[in-house]
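Please look over the sequence and the model below before reading on. The report then takes up one helix, one residue and the surroundings of the ligand.

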Amino acid sequence: MTAAPYDAIVLGAGAAGLMCAAVAGQRGRRVLLLDHADAIGKKILISGGGRCNFTNIHTAPDRYNSANPHFAKSALARYTPADFLALVEAHGIAWHEKTLGQLFCDGSAKQIVAMLMEEAAKGGVTILHGQPVREVAHGADGFAVVFGERRFTAPALVVATGGPSIPKMGATGFAYDLARRFGLKVVEPRPALVPLTLGGGDLLFRELSGVAAPVEARAGKAAFREAALFTHRGLSGPAILQVSSYWQRGDPVTIDFLPDAAPGWLVEAKRARPRATLASTLAPLLPARLAQTLAERLALNGELAAQTDRKLVDAEGRLKRWAFQPNGTEGFAKAEVTVGGIATAGLSSQTMMAKSVPGLYAVGEAVDVTGWLGGYNFQWAWASGYAAGQAL
Ligand SMILES: Cc1cc2nc3c(=O)[nH]c(=O)nc-3n(C[C@H](O)[C@H](O)[C@H](O)COP(=O)(O)OP(=O)(O)OC[C@H]3O[C@@H](n4cnc5c(N)ncnc54)[C@H](O)[C@@H]3O)c2cc1C
């Protein structure tokens, strides 16, 4: 019997697949990296508005969503933001910190793809793309993959085909189908880091389309203090994208429009400026159209002096916990990532290998580990890809 020409086949030449293939290749493994798309690393290219928010210096396991919050710890500890940054610097890529620990390229996301391709080339990785993966089988000769018209075999197979967000970029649920075929469980995938849509009584807020304000948004136990943006369909902006990953259908999203206001501030305002109205009191604190709409909805007509303290305390409470009832999300077409995915219970947190199928690995977004907005998802892709690359 002739030996398979490859030690590992990696399916998906995105962030995690490129990292995994490069690491394994540089360890002397013969790696074949396959992708159906017409170009390599397409999501990297469009990420961070074309500048790729490639990591976050505040990376920690609690910034990830997973049925098992401990799963990501090992991989994240063994490949850190500093490790990725060292690679970026070794390739002479200029970068900057934007806000909240988010690191971006000064130039273009193309530099990150070029860097990963160079690293893969250093490891002698063979990359083929632009053909469909027609078949994946597991038998006596290990894993067999039919890619276009060609059949390849290897003793190890890495699933790095990502999640189904942004299908028009070539994203698919392929990883889940494959995982299920091999007996692995899949935590129900949902769109995440996605705008929320409003209906019913919240529709009136559509007239605020384009207005943004710094808020604290909450869904379930998660709270994020960043900007929220009203859109013609509902709510967006970083604070909303963040809570969308925790939002469950039927739940409210509450917004604190004045997170810095001290308790009792509206009663204080009445004492200081009794002739002011609620609208004129809110006007310096919030964007004008938002201040106007909130004041109208609170329906405290006339001067503050005419309101009882009780009513002002109630109004303050509503501004602190304004409840929106989203009727859905803008779906996978607009979602930056997917929560859910291949259940971590079936994978080794050290190597990303399936416990029940020796030689089968899953990395990146395909796995049920989803980061916050701000470079965390790429850090998971690098770290999980590195863990598998070290184990192959
Ligand atoms: C608009 C947008 C902006 C983003 N910006 C950021 C950001 O700035 N920072 C950040 O951390 N995260 C960002 N993300 C999230 C980040 O892109 C993903 O979490 C990350 O790319 C996941 O890496 P991955 O390797 O698991 O999957 P991907 O990078 O999606 O790679 C999967 C690869 O598999 C291939 N593939 C899929 N199905 C098949 C199939 N059936 N057969 C063969 N190949 C297949 C795809 O073509 C793709 O090349 C952004 C996402 C989007 C959509």
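In this report, two residues are in contact when heavy atoms of theirs lie within 4.5 Å, and a residue is called buried when its relative accessible area is under 20%, or exposed when it is over 50%. The model is a predicted one.

With these terms in hand, consider helix 4, which spans residues 81-90 and has as its buried residues Pro81, Phe84, Leu85, Leu87 and Val88. Seen down the axis of helix 4, these buried residues fall within an arc of 155 degrees, so they line one face of the helix. On the other side of helix 4, Ala82 and Ala90 are exposed. The cover over the buried residues of helix 4 includes helix 1, strand 3 (53-56), strand 5 (95-97), strand 6 (102-105), helix 5 (110-122) and helix 12. After helix 4 comes Gly92, which has a positive phi near 70 degrees.

Which residues does Gln379 touch, apart from its neighbours within four places in sequence? Gln379, which has its place in helix 12, is in contact with Phe54, Thr55, Thr59, Tyr64, Leu76, Tyr79, Thr80, Pro81 and Phe84. Two of these, Pro81 and Phe84, are among the buried residues of helix 4. Because its relative accessibility is 0%, Gln379 itself counts as buried. A polar atom of the side chain of Gln379 lies 3.4 Å from the backbone oxygen of Thr80.

Helix 12 also takes part in the surroundings of the ligand, where it gives the most to the shell, with four residues. Helix 1 (15-26), helix 2 (42-46) and helix 12 (376-391) each supply at least two residues of that shell. Around the ligand there are 30 residues, of which Ala16, Asp35, Thr172, Glu365 and Phe378 come nearest. Sorted by class, the shell holds 13 nonpolar, 13 polar and four charged residues. The table sets out polar contacts between the ligand and the protein.

| Ligand atom | Protein partner | Distance |
|---|---|---|
| oxygen | N or O atom in the side chain of Asp35 | 2.5 Å |
| nitrogen | N or O atom in the side chain of Thr172 | 2.7 Å |
| oxygen | polar backbone atom of Gly375 | 3.5 Å |

The ligand on its own has 1000 Å² of accessible area, and the protein covers 92% of this.

Definitions and conventions: Residues are numbered from 1 along each chain as its sequence is written. This is a predicted model: local features need pLDDT of at least 70, side-chain atom pairs count only at pLDDT 80 or more; totals for chains, interfaces and linings use all residues. Side-chain values use heavy atoms; hydrogens and water are left out. A residue is near a molecule or strand if one of its heavy atoms lies within 4 Å of it. A polar contact is a pair of N or O atoms within 3.5 Å; within protein, one must be able to donate a hydrogen and the other to accept it, and residues adjacent in sequence count only if both atoms are side-chain atoms. Accessible areas come from the Shrake-Rupley method with a 1.4 Å probe; for residues, only the protein chains shown count as cover. Ala, Val, Leu, Ile, Met, Phe, Trp, Tyr, Cys and Pro count as nonpolar, Asp, Glu, Lys and Arg as charged, and the others, Gly among them, as polar. Buried means under 20% relative accessible area, exposed over 50%, partly exposed in between (1.4 Å probe, protein chains only). The arc is that of the directions from the helix axis to the C-beta atoms.
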